[in-house]
Amino acid sequence: MSMMLLAVCTIAVISCVAGASFKERDLLTAAVMNDLTTLDAIIAEGELDLVMKYKDETPLHIAASSGHVEVAARLLDSGVPIETKDYMGFRAITMATLSGHVEMVRLLAARGSNINTMDDVDDKKYMLLEKAASLNHMEVLKLLLELGMDINARTDDDNTALMVL
């Protein structure tokens with residue numbers, strides 16, 4: 001699915017969220033569409049919870065999976081916690097890894113997201129290296145290794161990143 005189609009579908013769903021305020025919808029839409037002007041206005045007002053979740057996805061998760069580095073940076077500058085988990089148990093850096101967004105992974109790691117933390121999903125632990133390798137995101141894999149991840153680290157299934165290639 002193309003990124004534009006994904007963005008349009010996400011916005012359509014956001015616009016139908018029962019009980020969500022217009023500002024909440026605007027925040028989520030800004031994260032999806034890389035709309036820095038709207039995001040800056042919402043942040044400047046200071047009245048909205050920037051960690052609010054839509055279907056347990058935070059604006060940071062949405063920005064990370066969309067590859068919108070500036071949106072993520074501004075959210076983090078505004079105090080959004082970097083290690084918040086979504087409904088699956090994934091962190092924003094995991095979403096960036098799954099989507100193959102190298103610069104987003106770089107930003108989140110530089111801002112303090114722990115690349116060695118395993119995400120606990122459905123009682124199974126996943127590591128970033130394994131996910132990058134299994135999805136053939138070689139640039140993300142290379143970056144994670146440069147940042148110090150252990151290529152021989154093992155998952156709960158006793159796999160290493162090399163075993164899933």
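Modeller: A residue is called buried when its relative accessible area is under 20%, exposed when that area is over 50%, and partly exposed in between. Keep this in mind as we read the structure above, which is a predicted model. Arg-106, for example, has a relative accessible area of 37% and is therefore partly exposed.

Biologist: Before going into single residues, how many helices and strands does the protein chain have, and in what pattern do they follow one another?

Modeller: The protein chain has 9 helices and 2 strands, and along the sequence they run in the pattern α-α-α-α-α-α-α-β-β-α-α. Of the 165 residues in the chain, 42% are buried. The chain exposes about 8200 Å², and carbon and sulfur atoms supply 53% of that area.

Biologist: What share of the contacts in the chain join residues at least 24 apart, if we count those between residues at least 6 apart in sequence?

Modeller: That share is 63%. One pair to look at in space as well as in sequence is Glu-139 and Glu-103, which are 36 residues apart in sequence, while their C-alpha atoms are 9.8 Å apart. Glu-139 lies in helix H9 and is exposed, with a relative accessible area of 52%, whereas Glu-103 is partly exposed at 44%.

Biologist: How should I read the way two helices pack, taking H3 and H5, and what is the angle between them?

Modeller: Look at the angle between the axes and at the distance that separates them. For helix H3, residues 36-45, and helix H5, residues 69-77, the angle is about 5° and the axes are 10 Å apart. Angles under 35 degrees count as roughly parallel, and H3 and H5 are therefore roughly parallel to each other.

Biologist: Which residues meet where H3 and H5 pack?

Modeller: From H3 come Leu-36, Leu-39, Asp-40 and Ile-43, and they meet Glu-70, Val-71, Arg-74 and Leu-75 of H5. Sorted by character, the residues of this contact comprise 5 nonpolar and 3 charged ones, with no polar residue among them.

Biologist: Why can charged side chains pair?

Modeller: Side chains of opposite charge can pair when their charged atoms come close. The structure holds 6 salt bridges, and one of them joins the side chains of Arg-74 and Asp-40, with 2.7 Å from N to O. This pair links distant parts of the chain, since Arg-74 sits in helix H5 and Asp-40 in helix H3, 34 residues apart. Arg-74 is partly exposed at 24% relative accessibility, and Asp-40 is partly exposed as well, at 34%.

Biologist: Which residues are linked with Arg-74 in a network of salt bridges?

Modeller: The network links Asp-40, Glu-70 and Arg-74. In the salt bridge between Glu-70 and Arg-74, the closest N and O atoms are 3.8 Å apart. These two residues are 4 apart in helix H5, which means that about one helical turn separates them. Glu-70 has a relative accessible area of 42% and is partly exposed.

Biologist: And how far apart are the closest N and O atoms in the salt bridge of Arg-106 with Glu-103?

Modeller: They are 3.2 Å apart. Arg-106 and Glu-103 both belong to helix H7, residues 102-110, and being 3 residues apart there, they are separated by about one helical turn.

Biologist: Now to whole helices: how many residues of H6 are buried, and what covers them?

Modeller: To judge a whole helix, count its buried residues against its length. In helix H6, residues 92-99, 6 of the 8 residues are buried, so H6 is largely enclosed by the rest of the structure. The buried ones are Ala-92, Ile-93, Thr-94, Met-95, Ala-96 and Thr-97. Their cover includes helix H4, helix H7, strand S1 (119-121), helix H8 (128-134) and helix H9 (138-146). After H6 comes Gly-100, whose phi is positive, near 75°.

Biologist: How many of the residues of H4 are buried, then?

Modeller: In H4, 7 of the 8 residues are buried, so H4 too is largely enclosed by the rest of the structure. They are Pro-59, Leu-60, His-61, Ile-62, Ala-63, Ala-64 and Ser-66. Just after H4, Gly-67 takes a positive phi of about 80°.

How values were computed: Residues numbered from 1 in each chain as written. Predicted model: local features only at pLDDT ≥ 70, side-chain atom pairs only at ≥ 80, totals over all residues. Heavy atoms only, no water. Axes fitted to C-alpha atoms, helices over the stretch in contact; angles between N-to-C directions. Parallel < 35°, antiparallel > 145°, perpendicular 65-115°, else oblique. Contact = heavy atoms within 4.5 Å. Nonpolar A, V, L, I, M, F, W, Y, C, P; charged D, E, K, R; others polar. Buried < 20%, exposed > 50% of the residue type's maximum accessible area, 1.4 Å probe, protein only. Areas by Shrake-Rupley, 256 points an atom, 1.4 Å probe, with all protein chains shown as cover. Salt bridge = Lys/Arg side-chain N within 4 Å of Asp/Glu carboxyl O.
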